[in-house]
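Reader: Please give me a close look at one part of this model. Start at a single residue, then work through the sheet and its surroundings. Keep it brisk.

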Amino acid sequence: MEKYHKLEEIGRGSYGVVFKALNTETGELVAVKKMIDRKYHSIKECMSLREVKSLCKVNNHPNFVKLNEVVVENNILYLVFEYMECTLFDRIRFRRNPFSETEIRNSCLQIFQGLAYMHNGVGIFHRNLKPENLLVSKDVIKIADFGQAREINAKPSYPDYVTTRWYRAPEILYARAHDSSVDMWAMGAIMFELFTLQPLF
């Protein structure tokens with residue numbers, strides 16, 4: 001990790017911390033996700049993690065945040081991503097005037113293209129779609145954070161507690177079995193929020 005110069009912290013959660021960094025070899029800005037939830041012992045172990053496997057499956061699609069590198073150092077896992085300016089949550093929170101219909105259409109089209117590729121192309125669903133997990137730079141929006149992702153053909157029993165309640169589909173609240181339609185429910189709630197600047201639920 002010597003080639004990455006830490007600039008500032010940009011996010012924090014139960015898994016660890018995300019910081020903005022500079023790749024001193026290329027001059028590229030990156031986002032580094034430092035996983036401190038447990039110890040990691042090898043690259044092979046890390047490449048088998050659900051989040052890393054999911055990111056690798058979507059890594060060449062323009063509507064997903066690009067994973068540049070996976071690093072294990074001193075039993076800590078670092079995921080190095082392309083740097084994006086902010087989250088959609090930030091854009092909504094600091095917005096004074098409503099988004100235009102054109103802006104909303106452009107954002108939603110990009111997210112739907114990503115979801116179509118994820119659901120139909122590689123066979124996974126996100127399960128934690130919310131404005132905080134949609135990254136934005138200028139007019140480009142990308143889906144991020146695959147820690148809750150599952151394969152569509154996996155056994156239909158999943159942990160109940162996933163995603164922020166505001167975007168959680170009823171089947172997650174009342175039953176254990178759910179599928180890729182939970183991402184579409186979340187997307188409907190996000191669309192409402194883009195129009196009103198207020199959460200639907």
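Author: Lys138 counts as exposed, because its relative accessibility is 64% and the cut-off for exposed is over 50%. The model is predicted. Lys138 sits in the loop between strand 8 and strand 9, the latter covering residues 140-143. Its phi is near 55°, a positive value in a residue other than glycine.

Arg127 also has a positive phi without being glycine, here near 75°. Its loop runs between strand 7 (124-125) and strand 8 (134-137). Is Arg127 buried or exposed? Its relative accessible area is 2%. Buried means under 20%, so Arg127 is buried.

Now the sheet. It is open and has five strands, in the order 1-2-3-5-4. The pairing is antiparallel. In general, strands of a sheet pair through backbone hydrogen bonds, in a parallel or antiparallel way. Which strands stand at the edges? They are strand 1 (4-12) and strand 4 (67-73). Each has a single partner strand, so one side of each lacks a neighbour in the sheet. On average, neighbouring strands are turned by 25° against each other, direction ignored.

Take the pairing of strand 2 with strand 3. Strand 2 spans residues 16-23 and meets strand 3 in the antiparallel sense over seven bridges. One pair can be picked out: Phe19 has Val32 in strand 3 as its bridge partner.

At the other end of the order, strand 4 pairs with strand 5 (residues 76-82). This pairing is antiparallel too, with six bridges. Val72 stands opposite Leu77 in strand 5. The two strands form a hairpin, with two residues between them. Asn74 lies in that turn and has a positive phi of about 55°.

Strand 3 deserves a closer look. It covers residues 29-35 and includes Lys34. The unreviewed UniProt entry places the annotation "binding site" on Lys34. That label comes from the record and may be inferred rather than shown by experiment. How accessible is Lys34? Its relative accessible area is 25%, so Lys34 is partly exposed. Beyond residues up to four places away in sequence, Lys34 touches Tyr15, Gly16, Val17 and Phe19. Ile76, Leu77 and Tyr78 are also among its contacts.

Met35 belongs to strand 3 as well. At 6% relative accessibility, Met35 counts as buried, because that value is under 20%. With residues up to four places away in sequence left out, Met35 touches Tyr15, Tyr40, Glu51, Ile76 and Leu77. A longer span can be read off too: the C-alpha atoms of Met35 and Glu82 are separated by 17 Å. Those two residues are 47 residues apart along the chain.

One of the contacts of Met35 is Glu51. Where is Glu51 placed? It is in helix 2, residues 50-58. Glu51 is buried, with a relative accessible area of 11%. Its side chain makes a polar contact of 2.8 Å with the side chain of Lys33. Setting aside neighbours within four places in sequence, the contacts of Glu51 include Lys33, Met35 and Leu79. Asp145, Phe146 and Gly147 are contacts of Glu51 as well.

Another buried residue is Ala169. It is found in the loop between strand 10 (150-151) and helix 5 (170-174). Its relative accessible area is 0%, so Ala169 is buried. Apart from neighbours within four places in sequence, Ala169 is in contact with Val182 and Trp185. The C-alpha atoms of Ala169 and Arg12 are 25 Å apart. Along the chain, 157 residues separate this pair.

Finally, step back to the whole chain. How many helices and strands does the protein chain have? There are six helices and ten strands. Of its 201 residues, 45% count as buried. Among contacts with a separation of 6 or more, 54% join residues 24 or more positions apart. The C-alpha atoms fill a box of roughly 45 × 40 × 30 Å along the principal axes. The radius of gyration is 17 Å. A compact globule with 201 residues would have a value near 17 Å, so the two agree.

Definitions and conventions. Residues are numbered from 1 along each chain as its sequence is written. This is a predicted model: local features need pLDDT of at least 70, side-chain atom pairs count only at pLDDT 80 or more; totals for chains, interfaces and linings use all residues. Side-chain values use heavy atoms; hydrogens and water are left out. Helices (H or I, at least four residues) and strands (E, at least two) are DSSP runs, numbered from the N terminus. Buried means under 20% relative accessible area, exposed over 50%, partly exposed in between (1.4 Å probe, protein chains only). A polar contact is a pair of N or O atoms within 3.5 Å; within protein, one must be able to donate a hydrogen and the other to accept it, and residues adjacent in sequence count only if both atoms are side-chain atoms. Contact means heavy atoms within 4.5 Å. Two strands pair if DSSP finds at least two bridges between them. Axes are lines fitted to C-alpha atoms, for helices over the stretch in contact, and angles run from 0 to 180 degrees between N-to-C directions. The radius of gyration is taken over C-alpha atoms; the globule rule is 2.2 Å times the number of residues to the power 0.38.
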